[in-house]
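This report looks at one helix and its surroundings, at the charged pairs formed by side chains, and at a patch on the surface. Please keep the sequence and the model in view while reading.

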Amino acid sequence: MRKRSLLAAAGLSVSVLALAACGSNSTATPAASTSTGSTPASSAPAAKPKVGVILPDSASSARWETNDRPLLTAAFTAAGVDSDIQNANGDVTKFQSIADQMINEKVNVLLIVNLDSASGAAVEAKAKAAGIPTVDYDRLTLGGSASYYVSFDNVAVGTTIGTG
């Protein structure tokens, strides 16, 4: 179930990147003709989209580094998306600093696992102001402004517990 959730998060991030690309407001101009009637060589290829991911810590659960990081990395790589995955190590100041760095680098999507709702909401507000969609991953940010929320299947978990 964990792998399915990770793949869903990666897939959602890639989908957000695709939607963001469709809404691009760049003003590309057509290539000018030369005197020979040919068009000039195209410019450098566009940069690959990039997802910023902030994991919360490694003390509360080893899963963040042993499962989530490698599976997210593999999913982003398979989708042809660059990623920057960092761990806040339980430090709210570090969490905010990592987010500021990723926002300043203009990642296309910011996927966070908040340490608490207040700091998560502050990061989401900064990202929103910069036009960067955010994804709450595994932990809902109360009072936040995430574009998406990805987590485990609560109904299936409750059903499994109930039948146990």
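## Salt bridges and helix α2

In this predicted model, Lys126 is partly exposed, its relative accessible area being 42%. Its side chain meets that of Asp100 in a salt bridge, with 2.9 Å from N to O; since Asp100 belongs to helix α3 (residues 92–104) and Lys126 to helix α4, the pair ties together parts that lie 26 residues apart in sequence. Asp100 is likewise counted as partly exposed, at 28% relative accessibility. Elsewhere, Arg63, Asp68 and Asp138 are joined into one network by salt bridges that share partners. The whole structure holds 6 salt bridges, among them the three tabulated here.

| Pair | N to O distance |
|---|---|
| Arg63 and Asp68 | 2.9 Å |
| Glu65 and Arg69 | 2.5 Å |
| Asp100 and Lys126 | 2.9 Å |

Are Arg63 and Asp68 buried or exposed? Both are among the buried residues of α2, a group that also includes Trp64, Leu72, Ala75 and Phe76. Arg63 has a relative accessible area of 15%, and Asp68 has 0%; because buried means under 20% relative accessible area, both values fall within that class.

The pair Arg69 and Glu65 has another setting, for Arg69 counts as partly exposed at 24% relative accessibility, and Glu65 is partly exposed with a relative accessible area of 27%. The two residues are 4 places apart in helix α2, so about one helical turn separates them. An α-helix has 3.6 residues a turn, so residues three or four places apart point the same way.

Arg69 also marks a kink of about 25° in α2, which comes shortly before the proline Pro70. How far apart are the end C-alpha atoms of this helix? They are 21 Å apart, which agrees with the 22 Å that the 16 residues of α2 (residues 63–78) should span at 1.5 Å a residue. Just after α2, Gly80 adopts a positive phi of about 75°.

Two loops deserve a separate look. Asn114 sits in the loop between β3 (109–112) and α4 (117–129), where Asn114 counts as buried at 5% relative accessibility, and its side chain makes a polar contact of 2.7 Å with the side chain of Thr141. Leu140 lies in the loop between β4 (134–137) and β5 (148–150) and is partly exposed, at 46% relative accessible area. Together with Leu142 and Tyr149, Leu140 forms a nonpolar patch on the surface, and the three residues have about 320 Å² of accessible area together.

How values were computed. Residues are numbered from 1 along each chain as its sequence is written. This is a predicted model: local features need pLDDT of at least 70, side-chain atom pairs count only at pLDDT 80 or more; totals for chains, interfaces and linings use all residues. Side-chain values use heavy atoms; hydrogens and water are left out. Patches are made of residues with over 30% relative accessible area and no salt bridge: like charges are joined within 9 Å, nonpolar side chains (Val, Leu, Ile, Met, Phe, Trp, Tyr) within 5 Å. Accessible areas come from the Shrake-Rupley method with a 1.4 Å probe; for residues, only the protein chains shown count as cover. A salt bridge is a side-chain nitrogen of Lys or Arg within 4 Å of a carboxyl oxygen of Asp or Glu. Buried means under 20% relative accessible area, exposed over 50%, partly exposed in between (1.4 Å probe, protein chains only). The expected span of a helix is 1.5 Å times one less than its number of residues. The bend at a residue is the angle between axes fitted to the seven residues ending there and the seven starting there. A polar contact is a pair of N or O atoms within 3.5 Å; within protein, one must be able to donate a hydrogen and the other to accept it, and residues adjacent in sequence count only if both atoms are side-chain atoms.
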